[in-house]
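Got a minute to walk through a protein model together? Let's take it as a chat, one question at a time.

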Amino acid sequence: MFVNIVNISKSYKTEGRFFRKSKRKVIDDITFSIKKGECLGLIGESGSGKSTLSRIILGLEKPEQGKVMMEGEPISKWMKNKKGGASVVFQDYTSSVNPSFTIRDIIAEPLLAVGDNKNLDERINELLAIVGLPHAAVHKYPHELSGGQLQRVCIARAIAIKPKFIVLDEAISSLDVSVQAQILELLHQLKEEMEITYLFVAHDLQAAANLCDRILFLYKGKIVEEADSANLALAQHEYAKKLLGSVMPFQGQ
Ligand SMILES: Nc1ncnc2c1ncn2[C@@H]1O[C@H](COP(=O)(O)OP(=O)(O)OP(=O)(O)O)[C@@H](O)[C@H]1O
Ligand SMILES: [Mg+2]
């Protein structure tokens, strides 16, 4: 599973002064690829366009210019042919689950959507075990779980359909550091076991460097730097260096 993002641009209308409408470019001519089985990090400050770009890559939003190709096919065609080929975990896990569904129903939802109900309960139990949740969670409702537990449910739901590609948009940002570490470990394991291709979106460079093979730095709608996680210290752009300075305080001493 490889992804090519080619010359993507996107603007949003903004209300200017005196109700004058103007357009603001949020994504500015972005081109990059994600290799098969790669975990690519996308780092940028709040408002830099990370979620917009993620939605465009998943085909949830149309770009103004450019195209997204999955395994050489336009995203819209690929999504139609490969039902369940891609999934997403958002930061706001509380609003991405239906509060009146039990955990069982939440995890079953994408499987049923692709018409796959064979050994459903057995597989839900397996998925719960993979993300480290007890079997008893199946009968619970979202409000009965902690943030970290509910985020695990979202990850279980995202991997239920055995996707080839997962976008994690700030999926662990709002969790405690210890829970973040556990979930990073889990994502790492899944990557090894299921050969998933990841786009890991974050504003936290440390988490991304921990999980990803390569990191792209998004700044004001443009990719300003690309670096292998192993060679982050070589980054040149000021914004990348600033972020690096905050996670590697002893660098250069
Ligand atoms: N549907 C929309 N309509 C108008 N403007 C939008 C829309 N979605 C996003 N924007 C604007 O586009 C810019 C980029 O937003 P985006 O959500 O992609 O940033 P982000 O990098 O994901 O930020 P964060 O780290 O806070 O999640 C912001 O200025 C935002 O206000
Ligand atoms: Mg965002």
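Q: How far apart are the centres of domain 1 and domain 2?
A: Bear in mind that this is a predicted model. The domain assignment gives domain 1 as 3-82 + 164-247 and domain 2 as 96-162. Taken over C-alpha atoms, the separation of their centres is 26 Å.

Q: How many residues does each domain bring to the contact, and which helix gives the most on the side of domain 1?
A: Domain 1 puts in eleven residues and domain 2 puts in nine. On the side of domain 1 that touches domain 2, nine residues are nonpolar, one is polar and one is charged. Five residues on that side come from the top contributor, helix α6 (residues 177-194).

Q: Where does the largest nonpolar core lie?
A: This core has 72 residues, and Phe200 and Ala208 have the most contacts inside it. Helix α5 (residues 147-160) gives the largest share, eight residues. Both domain 1 and domain 2 give residues to the core, so its place is between them.

Q: Which residues does Ala208 touch, leaving out those up to four places away in sequence?
A: Ala208 is one of the two residues with the most contacts inside the core, and the other is Phe200. Phe200 also turns up among the residues that Ala208 touches. The full list is Gly41, Ile43, Phe200, Ala202 and Ile215.

Q: In strand β3, which residues point the other way from Cys39, Gly41 and Ile43?
A: Strand β3 covers residues 39-43, and five of its five residues are buried. In a regular strand, side chains alternate between the two faces of the sheet. Cys39, Gly41 and Ile43 point one way here, and the ones pointing the other way are Leu40 and Leu42.

Q: Which residue of β9 stands opposite Gly41?
A: β3 runs parallel to strand β8 (residues 197-202), with five bridges joining them, and Leu40 has Leu199 as its bridge partner there. Four bridges join β3 to strand β9 (residues 214-219), also in parallel. In β9, the residue opposite Gly41 is Ile215.

Q: What is the order of the strands in the four-stranded open sheet?
A: The pairing in this sheet is antiparallel. Its edge strands, each pairing on one side only, are β2 (21-34) and β5 (73-74). Put together, the order reads β2-β1-β4-β5.

Q: Which residue in β2 is the bridge partner of Ile8?
A: Strand β1 (residues 3-15) and β2 run antiparallel and are joined by ten bridges. Follow Ile8 across to β2 and you land on Ile30.

Q: Which helix gives the largest share of the shell around ligand 1?
A: The residues around ligand 1 are Tyr12, Val26, Gly44, Ser46, Gly47, Ser48, Gly49, Lys50, Ser51, Thr52 and His203. By type, that shell splits into two nonpolar, eight polar and one charged. The largest share is three residues, and these come from helix α1 (residues 50-57).

Q: Is α1 mostly covered or mostly open, and which of its residues are buried?
A: Mostly covered, as six of its eight residues are buried. Lys50 and Ser51 sit in the shell around ligand 1. They also belong to the buried set, which in full is Lys50, Ser51, Leu53, Ser54, Ile56 and Ile57.

Q: Which residue with a positive phi follows α1?
A: Look just past the end of helix α1. The phi there is near 75 degrees, and the residue is Gly59.

Terms used. Residues are numbered from 1 along each chain as its sequence is written. Chains are lettered from A and ligands numbered from 1 in the order in which they are written. This is a predicted model: local features need pLDDT of at least 70, side-chain atom pairs count only at pLDDT 80 or more; totals for chains, interfaces and linings use all residues. Domain bounds come from an automatic or database domain assignment. Two residues are in contact if their C-beta atoms, placed from the backbone, lie within 7 Å. Helices (H or I, at least four residues) and strands (E, at least two) are DSSP runs, numbered from the N terminus. Ala, Val, Leu, Ile, Met, Phe, Trp, Tyr, Cys and Pro count as nonpolar, Asp, Glu, Lys and Arg as charged, and the others, Gly among them, as polar. A nonpolar core is a set of buried Ala, Val, Leu, Ile, Met, Phe, Trp, Tyr and Cys residues joined through C-beta atoms within 7 Å. A residue is buried if 20 or more other C-beta atoms lie within 10 Å of its own, exposed if 12 or fewer, and partly exposed in between; C-beta atoms are placed from the backbone. A residue is near a molecule or strand if its C-beta atom, placed from the backbone, lies within 6 Å of it. Two strands pair if DSSP finds at least two bridges between them.
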